[in-house]
Amino acid sequence: MIDQFINFVIRPPRADYNPEQYLWEKEFTLAGRQFKRQDLELTNARGHKLRCSHYLPSPFPEETPLPCVIYCHGNSGCRADANEAAVILLPSNITVFTLDFSGSGLSDGDYVSLGWHERDDLKIVVSYLRSERQISRIGLWGRSMGAVTSLLYGAEDPSIAGMVLDSAFSNLFDLMMELVDVYKIRLPKFTVKMAVQYMRRVIQKKAKFDIMDLNCLKVAPKTFIPALFGHASEDKFIQPHHSDLIFKSYAGDKNVIKFDGDHNSSRPQFYYDSVSIFFFNVLRPPQISSACSSKLEKYYDLGDLKVGAGMDEDPMLTRNIRPDSDEQSNSQDKPNGQSDECCSYTSSNRESWGRCSSLGGSDEESSADCTAANNGNQVTLDVLATPLKSTQQKSSGPPKEEKKKQKKQKKRDSTTPKPKHEKLEKLEALSKRLRLCILKRVSHRRQGST
């Protein structure tokens with residue numbers, strides 16, 4: 001049983017996966033933009049090859065370095081765990097770097113050390129990114145063992161911009177004593193302590209580290225990097241009081257988020273939103289124009305019809321939507337450069353999201369505001385989304401006798417649902433006028449009144 005417990009610490013189940021199947025594709029689209037996965041190998045101080053992946057925009061913006069977040073997986077995890085981080089951070093112009101730590105995934109090595117040797121692997125990755133002129137600030141996002149790794153390394157490198165620490169343990173020795181109670185190993189207390197001392201010697205011989213040295217409470221008071229702590233309230237493996245102890249002794253700017261779930265459950269959406277806002281504030285990514293992407297997907301909502309319109313845009317084109325009072329209050333909680341147009345994302349699939357907007361209005365006419373910038377000067381263009389047939393009828397000017405018939409017809413139309421072809425006509429008129437607004441920059445004014 002003691003040997004099983006030792007393997008539980010230093011040789012947990014290892015993730016064996018196919019990168020082409022479980023990682024993001026070599027080239028993929030996310031939020032209407034093109035990205036790529038760049039695979040590489042790094043060698044740590046012990047001579048182990050580390051399999052890594054770097055998610056970048058495609059093409060990478062010239063002479064504009066972007067920040068990067070290094071995702072650090074748990075003891076039985078791998079770099080595929082960073083797929084969620086890529087979904088959350090890439091649309092904000094934050095690149096994502098992930099790796100298989102030594103002894104995990106497809107990297108070399110026989111044992112994990114729950115953060116001790118992984119800290120040296122992380123140092124190799126940071127040194128590599130520092131040598132790349134494309135990377136500006138660096139952040140760390142760790143879960144379980146990866147959170148301990150990030151905290152241990154952050155205590156040595158104050159240049160890290162920010163850290164997200166999900167389910168970190170405060171002290172490995174205390175954690176092992178707790179796991180004895182959790183898994184109901186019926187042994188007297190003095191026997192357990194003797195067994196832990198035996199395990200300490202075996203682990204020190206096999207994995208080359210001392211379990212008594214893994215104590216986050218020793219480094220937390222000396223770390224001043226902004227940190228966001230997260231922990232599941234029903235976590236039985238690493239109980240929430242571990243994060244509470246670290247949070248209490250942590251010296252830097254800090255915040256903590258508790259959420260429902262256990263150690264391995266998927267994290268809720270509000271937690272990912274908080275992580276996105278946190279990294280946006282500490283990394284301060286630049287605002288890149290849409291010239292980097294060859295095609296931008298926009299989705300419009302017209303009544304009951306939802307269609308996607310792909311169109312080539314001006315490099316400096318932006319969209320302004322006049323918010324209601326409720327939307328203005330909600331937008332104050334968003335970071336600069338982001339608005340409520342962004343669709344909420346989920347972590348369970350590989351969808352690509354476009355910017356969402358609602359071009360509201362009555363059934364007869366709907367309007368939208370487009371903003372185009374040329375040489376730094378913005379020109380606001382009002383687009384009238386009125387069906388073509390209705391404009392032709394207004395210009396022809398029907399006689400007085402026909403007006404009564406039209407009024408009766410309108411009353412009938414108001415009581416009966418409109419056919420689908422009329423909605424399609426409205427949509428066609430809207431798309432034509434949007435293209436005129438974007439490509440030709442011709443301002444349209446309303447002619448006539450309803």
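Begin with the lining of the second largest cavity in this predicted model: its residues divide into five nonpolar, four charged and no polar. To display this lining, select Tyr71, Glu84, Ala85, Trp141, Arg143, Asp166, Arg267, Tyr271 and Tyr272. The space they surround has a volume of about 50 Å³. Colour α3 (83–89), β6 and α10 (269–283) next, since each supplies at least two residues of this lining.

Proceed to the largest cavity, which holds about 110 Å³ of space. Among its 13 lining residues, select Asn75, Leu114, Leu172, Leu175 and Phe237, the closest to its centre. Then show α1 (2–10) and α6 (172–182), the elements that give two or more residues to this lining. The largest share, four residues, comes from α6. What is the division of this lining into nonpolar, polar and charged residues? Eleven are nonpolar, two are polar and none is charged. In total, the count comes to three cavities of 30 Å³ or more.

Now select residues 118–131, which form helix α4. This helix has 14 residues and reaches 20 Å from its first C-alpha to its last, close to the expected 20 Å. Within α4, highlight the buried residues Glu118, Arg119, Asp121, Leu122, Val125, Val126, Tyr128 and Leu129. To see what the buried residues of α4 pack against, add β2 (33–43), β3 (49–57), β4 (66–72), β5 (95–99), β6 (135–143) and α5 (145–154).

Finally, select the whole protein chain, with its 14 helices and 15 strands. Of its 450 residues, 46% are buried. The chain exposes about 23800 Å², of which carbon and sulfur atoms supply 49%.

Terms used:
Residues numbered from 1 in each chain as written. Predicted model: local features only at pLDDT ≥ 70, side-chain atom pairs only at ≥ 80, totals over all residues. Heavy atoms only, no water. Expected span 1.5 Å × (residues − 1). Buried < 20%, exposed > 50% of the residue type's maximum accessible area, 1.4 Å probe, protein only. Contact = heavy atoms within 4.5 Å. Areas by Shrake-Rupley, 256 points an atom, 1.4 Å probe, with all protein chains shown as cover. 1 Å grid on protein atoms, 1.4 Å probe; cavity = no way out; pocket = protein on both sides within 12 Å on 5 of 7 lines; lining within 4 Å. Points joined across faces, edges and corners; volume = space filled by probe spheres on them. Nonpolar A, V, L, I, M, F, W, Y, C, P; charged D, E, K, R; others polar.
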